[in-house]
Amino acid sequence: MSIHISHVTKRFGDFVALDDVSVSIPAGGLTALLGPSGGGKSTLLRIIAGLDTADSGRIEIDGTDATDLPAQKRGVGFVFQHYAVFKHMTVAKNVAFGLEIRKRPRAEVAERVDELLRLVHLQQFSHRLPSQLSGGQRQRMALARALAVEPRVLLLDEPFGALDAKVRKELRDWLRRLHDEVHVTTVFVTHDQEEALEVADEIVVVNEGRVEQVGTPDQLYDAPANEFVMGFLGDVTTLAGRRIRPHDIEIGLGPTLAGSVEGRISRVQRIGFEVRLTVLTDDGEVVTVEVTRTHARSLQLTEGMAVWLTAADGATTVPAMPAVLTAG
């Protein structure tokens, strides 16, 4: 089911959370709303769900005007960051809840719950209470509960934000596989760039209440619309007045290519297999360069060494915005 958002604006007092936002979310895809905290992405998700209302604008779900529909009539499943489970109910009863309040036949409820618990690999924990599950298991239970009523759209608000890094990585891999099985239109909010790049079919970058860019992970990473998108989707540095990713800079021990920028290494920092270099150029730029440990060893890179920097062939660059000076 596709979602079309047209000219949506939302204010909280003097604060503009969303400023004339228009975006289309394709049917059957896994779309990430990505942006910094306070940028408006969760507000947009809640307006799609019907949990908040826009001051102006229109929401269409599968061609139907849902702007004034209550949440329960939009065919939307919603999963919160902190699960919002019924603590006194077992895992099975939590998953069954939405079906039971819709007065579905008992046999149908039991069959659907069993099917979903198998789908999320929790069938052996059906009689446990939520407090007896790990954080990752509780989040999988919350997803099963949202899917139980067969929503047309599944909305996830920072679904893995409360979990540690290892569990978060495991769950986003699992979410990708789950989506490929159920094919429900899914929209998830995240401020984790790696999560969006790894999981999503399409990314909507939201910043200060506006949509900065929409595209596939490759499109946004390789062809960012502006300096903000480039910087938000990965590390950047400045070389010869242009913003560039540190891993897209070639480093040499002499000016082998035209346009090479000379400088000296002021810091060498090893982070696992990667070596991060800080180079102070003759033009006064402080440039970050990332190379593999093997490459750094082959060049015998050390602090104080003179080096030459060049943008690699095919590197993505955008003009660096001038610094804003303020009176002191």
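Here are three short exercises on this predicted model, each with a worked solution.

**Exercise 1. Find where pLDDT stays under 50, and decide how to treat that stretch.**

Start with the overall picture: the protein's mean pLDDT is 89, with 96% of residues at 70 or more. Next, look for the exception: residues 324-328 stay under 50. Then check their surroundings: the model gives this stretch 0 contacts beyond four places in sequence. Finally, the rule of thumb: coordinates predicted with low pLDDT shouldn't be read in detail.

**Exercise 2. Work out how the span of helix H4 squares with the expected one, and whether H4 is largely enclosed or not.**

Take the length first: H4 covers residues 135-148, which makes 14 residues. From first C-alpha to last, H4 reaches 20 Å, close to the 20 Å you'd expect at 1.5 Å a residue. Now for burial, where the cut-off is under 20% relative accessible area. By that cut-off 13 of the 14 residues of H4 are buried, so the rest of the structure largely encloses this helix. Just past H4 comes Glu150, with a positive phi near 50 degrees.

**Exercise 3. Trace the pairing of strands S14, S15 and S16, then pick out the glycines with positive phi in the hairpins.**

Begin with S14 (residues 261-271) and S15 (residues 274-281): they run antiparallel, joined by 8 bridges. Gln269 pairs with Arg276 of S15. This hairpin leaves 2 residues between its strands, and Gly272 has a positive phi near 65 degrees.

Move on to S16 (residues 286-292), which pairs with S15 over 7 bridges, also antiparallel. Here Thr278 sits opposite Thr288 of S16. With 4 residues between the strands, this hairpin has Gly284 at a positive phi near 90 degrees.

Methods
Residues are numbered from 1 along each chain as its sequence is written. This is a predicted model: local features need pLDDT of at least 70, side-chain atom pairs count only at pLDDT 80 or more; totals for chains, interfaces and linings use all residues. Side-chain values use heavy atoms; hydrogens and water are left out. pLDDT is the predictor's confidence in each residue, from 0 to 100. Contact means heavy atoms within 4.5 Å. The expected span of a helix is 1.5 Å times one less than its number of residues. Buried means under 20% relative accessible area, exposed over 50%, partly exposed in between (1.4 Å probe, protein chains only). Two strands pair if DSSP finds at least two bridges between them.
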